[in-house]
Amino acid sequence: MNPARVFAETATARTTAARLPVVTLDGPAGVGKTTLARRMAEALALPYLDTGAMFRSLALRLGPGAETLPADVVRGRCAAWPFTLAGSGAETRLFCGGVPVGDEIRTEAVGLLAARLGTVPAAREILREAQRRMGERGPLVAEGRDMGTTVFPDARFKFFLDATPETRARRRLHDLEQRGQSEDLATLTEQIRQRDTMDRERAVAPLRAAPDALIVDTSALDINGVFQVLIQHMEANGGRDALAGS
């Protein structure tokens with residue numbers, strides 16, 4: 001056998017073996033990551049990790065101005081609210097300090113607080129360590145803004161979703177209305193633009209696609225269309241078995 005081929009196959013095997021059995025979905029606010037991650041977790045029978053909910057939970061508990069707190073204060077306060085994950089698929093539940101995380105975090109105001117908290121290196125470090133521990137315990141679907149680049153750079157499957165701010169604002173308005181909440185579309189669009197700026201320009205773990213991520217523009221696709229793109233890509237690259245063999 002060709003020695004070069006043997007070396008190449010061995011290197012490929014090592015690369016595959018080093019991959020964590022994790023599916024990452026990254027992208028800006030309002031692109032549909034949460035809905036798609038939940039659906040993928042259900043289809044794959046895996047736990048679903050909503051890292052945005054983790055940031056929102058801490059931001060809500062720390063309150064306005066958390067980004068100005070000293071690093072040791074942030075660490076000390078966050079230590080009182082450890083995160084745990086239970087269940088899988090639609091039954092996955094995230095707990096913060098032993099309390100289930102609910103819709104109280106799903107407001108635009110809390111989203112902006114979370115974006116500001118995301119600029120704090122101490123907060124990102126605390127959550128990155130917690131997220132990494134969860135991924136190392138077993139297969140899961142993780143969604144956020146730096147899953148494929150910072151938290152799980154060795155994830156088996158990586159996706160980056162995007163859409164125009166206007167499209168995302170309309171989707172966010174629909175989600176809010178489904179929960180009985182109301183918001184002005186122009187205000188939502190501006191808030192999303194502000195969030196994008198903060199996420200993409202922050203010094204620590206800025207929002208960007210991983211070099212090996214599949215980038216999907218969802219502007220002209222509904223949730224079903226995007227879901228099919230993601231699942232077909234996974235199936236073409238080993239599917240659920242690729243996670244089991246990571």
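Is Asp199 buried or exposed, and what is its relative accessible area? In this predicted model, Asp199 is buried, with a relative accessible area of 1%. The briefing below covers the enclosed cavities, the salt bridges and the surroundings of one buried aspartate, Asp146. The structure contains 2 cavities of 30 Å³ or more, and a search of the whole structure gives 14 salt bridges.

**Largest cavity**

- The largest cavity encloses about 70 Å³ of space.
- Its lining consists of Ala29, Arg56, Glu108, Gly111, Leu112, Arg172, Gln191, Ile192 and Arg195.
- Two elements, helix 5 (108-117) and helix 9 (185-201), each give two or more residues to this lining.
- Sorted by class, the lining of the largest cavity comprises 4 charged, 3 nonpolar and 2 polar residues.

**Second largest cavity**

- The volume of the second largest cavity is about 60 Å³.
- Phe55, Arg124, Arg128, Gln131, Asp146, Thr150, Val151, Val204 and Ala205 form the lining of this cavity.
- Helix 6 (121-137) and helix 7 (147-151) are the elements that give two or more residues to the lining of the second largest cavity.
- Helix 6 provides the largest share of that lining, with 3 residues.
- By class, 4 residues of the lining of the second largest cavity are nonpolar, 3 are charged and 2 are polar.

**Salt bridge between Glu108 and Arg172**

- Glu108 and Arg172 form a salt bridge in which the closest N and O atoms are 3.1 Å apart.
- This pair links distant parts of the chain, since Glu108 belongs to helix 5 and Arg172 to helix 8 (residues 165-178), 64 residues apart.
- Glu108 is buried, with a relative accessible area of 11%, and Arg172 is also buried, with a value of 17%.
- Both partners also appear in the lining of the largest cavity, which includes Glu108 and Arg172.

**Salt bridge between Arg168 and Asp196**

- In the salt bridge of Arg168 with Asp196, the closest N and O atoms lie 2.6 Å apart.
- Arg168 is in helix 8 and Asp196 in helix 9, 28 residues apart, and the pair links distant parts of the chain.
- Arg168 and Asp196 are both buried.

**Salt bridge network around Asp199**

- The side chains of Asp199 and Arg202 meet in a salt bridge, with an N to O distance of 3.1 Å.
- Arg202 is buried, with a relative accessible area of 8%.
- Salt bridges that share partners join Asp199 and Arg202 with Arg145 and Arg195 in one network.
- One member of this network, Arg195, is also among the residues that line the largest cavity.
- As a general point, side chains of opposite charge can pair when their charged atoms come close.

**Surroundings of Asp146**

- Asp146 lies in the loop between strand 6 (140-144) and helix 7.
- Asp146 counts as buried because its relative accessible area is 6%, under the 20% cut-off.
- Apart from neighbours within four places in sequence, Asp146 is in contact with Asp26, Arg124, Val151 and Ala205.
- Among these contacts are Arg124, Val151 and Ala205, and the lining of the second largest cavity includes these residues together with Asp146.

Definitions and conventions: Residues are numbered from 1 along each chain as its sequence is written. This is a predicted model: local features need pLDDT of at least 70, side-chain atom pairs count only at pLDDT 80 or more; totals for chains, interfaces and linings use all residues. Side-chain values use heavy atoms; hydrogens and water are left out. On a 1 Å grid over the protein atoms alone, a cavity is a set of points where a 1.4 Å probe fits but cannot get out, and a pocket is an open set with protein on both sides within 12 Å along at least five of seven lines; lining residues have an atom within 4 Å of a point. Grid points are joined across faces, edges and corners, and a volume is the space filled by probe spheres set on the points. Helices (H or I, at least four residues) and strands (E, at least two) are DSSP runs, numbered from the N terminus. Ala, Val, Leu, Ile, Met, Phe, Trp, Tyr, Cys and Pro count as nonpolar, Asp, Glu, Lys and Arg as charged, and the others, Gly among them, as polar. A salt bridge is a side-chain nitrogen of Lys or Arg within 4 Å of a carboxyl oxygen of Asp or Glu. Buried means under 20% relative accessible area, exposed over 50%, partly exposed in between (1.4 Å probe, protein chains only). Contact means heavy atoms within 4.5 Å.
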